[in-house]
Amino acid sequence: IASLQKGEDVALAFASAPSVAQFIAARAIRTIRARYPDLFIDLNILKIEETIDYLLLEKGEFVIMSSFIDNPAIDCSKLAQGPIVVIVPEGHRLAAKNEISVHDLAEEPLIGIDPADPYGALMQRPFLEAGVPMRHAMRGRFAQTLVSLVRHGLGVAVIDGFSVADVYLPGLVRRPLAGAQQLTIYAVQKRGRVLSGFADFAIQQFRRELVKAQKSLATVAITG
């Protein structure tokens with residue numbers, strides 16, 4: 001029993017969207033590791049289109065995903081919501097603003113993700129709602145690629161706040177996107193599958209860290 005409580009000779013397999021994996025996953029896993037020091041953890045990074053197969057083939061117990069999956073074989077549980085933000089290089093003219101609108105971005109070299117991608121579609125929505133064309137100068141597949149490109153002064157990007165939910169972001173300035181809706185993070189699992197105690201505990205830690213990051217991002221939005 002003592003070995004099981006420490007996680008000896010057992011494994012926990014799960015996956016995360018890239019945006020949550022960047023900072024939140026490490027914080028959650030730190031707590032999981034403290035509770036189960038000998039538990040083997042297999043963390044995968046998935047896009048939404050890869051999630052259903054991952055779960056139905058039982059490659060892992062759950063996925064932390066930034067989009068709702070409408071599938072009768074899948075259950076989605078809301079964990080937290082976070083802001084959509086704009087990131088610009090340090091010293092950029094828009095860095096002086098407390099918040100940035102899609103109109104401010106109209107003439108900027110915009111780095112983004114293809115709107116045909118579910119994540120890219122979420123980032124495009126504020127432009128559509130404002131009637132402002134979204135023209136990409138450059139595209140990447142993952143939010144973390146956008147962060148690197150902006151840091152190197154190649155343009156600006158609209159991104160979810162969890163992808164940049166760190167206190168220190170050298171070379172970057174993060175500002176709220178005016179009027180944008182919140183991004184919802186879900187815990188996704190195969191319907192009918194009974195999760196292990198390790199998985200239940202892990203999901204609790206993800207919720208805890210996401211809510212903490214949500215509050216921190218709100219404070220940054222207010223204080224600049």
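A polar contact is a pair of N or O atoms within 3.5 Å, where, within protein, one atom must be able to donate a hydrogen and the other to accept it. In the predicted model described here, such a contact is found at D117, where a polar atom of the side chain lies 2.7 Å from the backbone nitrogen of Y119. D117 itself is placed in the loop between β6 and α5, and with a relative accessible area of 13% this residue is buried. When residues up to four places away in sequence are not counted, D117 touches K47 and E49.

The strand β6 that precedes this loop belongs to an open sheet of 5 strands, in which the order is β7-β6-β8-β5-β9 and the pairing is mixed. The edges of this sheet are taken by β7 (136-139) and β9 (172-176), each of which has a single partner strand, so one side of each is left without a neighbour in the sheet. From one strand to the next, the twist averages 35 degrees. Strand β6, which covers residues 110-112, runs parallel to β7 and is joined to that strand by 3 bridges, and I111 has M138 in β7 as its bridge partner. Helix α6 (residues 143-151) packs on the sheet, where β5, β6, β7, β8 and β9 are touched by the helix, and the direction of α6 makes about 150 degrees with that of β8. Helix α5 (residues 118-130) lies across β5 (84-89), β6 and β8 (156-160), and runs at about 115 degrees to β8.

Another open sheet of 5 strands has the order β2-β1-β3-β10-β4, and here too the pairing is mixed. Its edges are formed by β2 (40-45) and β4, and because each of these has a single partner strand, one side of each is left without a neighbour in the sheet. In this sheet the twist averages 20 degrees from one strand to the next. Strands β1 and β2 run parallel and are joined by 6 bridges, with N44 in β2 serving as the bridge partner of A15. Helix α3 (residues 24-35) lies across both β1 and β2, and its course is at about 165 degrees to β2.

With the sheets described, the packing of nonpolar side chains can be considered. The largest nonpolar core holds 63 residues, of which F62, L105, V158 and F206 touch the most other members. Helix α7 (residues 197-223) supplies the largest share of this core, with 9 residues. Apart from this core lies another, of 14 residues, among them A13, A17, M65 and I74. Around L105, once neighbours within four places in sequence are left aside, the residues in contact are V86, L94, I100, F127, V156, V158 and L177.

The residue D104 is located in the loop between β5 and β6. With a relative accessible area of 21%, D104 is partly exposed, and, leaving aside neighbours within four places in sequence, its contacts are R93, L94, K97 and E99. Between D104 and A34 the separation is 70 residues in sequence and 45 Å in space, taken from C-alpha to C-alpha.

Aromatic side chains form a further set of contacts, and the count comes to 6 aromatic pairs. One of these is the pair of F14 and F62, which is stacked, with 4.8 Å from centre to centre and 5 degrees between the planes. As F14 lies in strand β1 (residues 11-16) and F62 in strand β3 (residues 62-65), the pair ties together parts that are 48 residues apart in sequence. Residue F14 counts as buried, at 0% relative accessibility, and F62 is likewise buried, with a relative accessible area of 0%. The rings of F68 and Y186 have planes at 70 degrees and centres 5.6 Å apart, so this pair is edge-to-face. Because F68 lies in the loop between β3 and β4 (74-82) and Y186 in strand β10 (residues 183-190), the parts tied together by this pair are 118 residues apart in sequence. At 15% relative accessibility, Y186 counts as buried. Finally, F14, F62 and F206 form one aromatic cluster, and both F62 and F206 are named among the residues that touch the most other members of the largest nonpolar core.

How values were computed:
Residues numbered from 1 in each chain as written. Predicted model: local features only at pLDDT ≥ 70, side-chain atom pairs only at ≥ 80, totals over all residues. Heavy atoms only, no water. Pairing = 2+ DSSP bridges. Helix = DSSP H or I, 4+ residues; strand = E, 2+ residues; numbered from the N terminus. Axes fitted to C-alpha atoms, helices over the stretch in contact; angles between N-to-C directions. Contact = heavy atoms within 4.5 Å. Core = buried A, V, L, I, M, F, W, Y, C linked by side-chain atoms within 4.5 Å. Buried < 20%, exposed > 50% of the residue type's maximum accessible area, 1.4 Å probe, protein only. Phe/Tyr/Trp six-rings, centres within 6.5 Å; stacked < 30°, edge-to-face > 60°.
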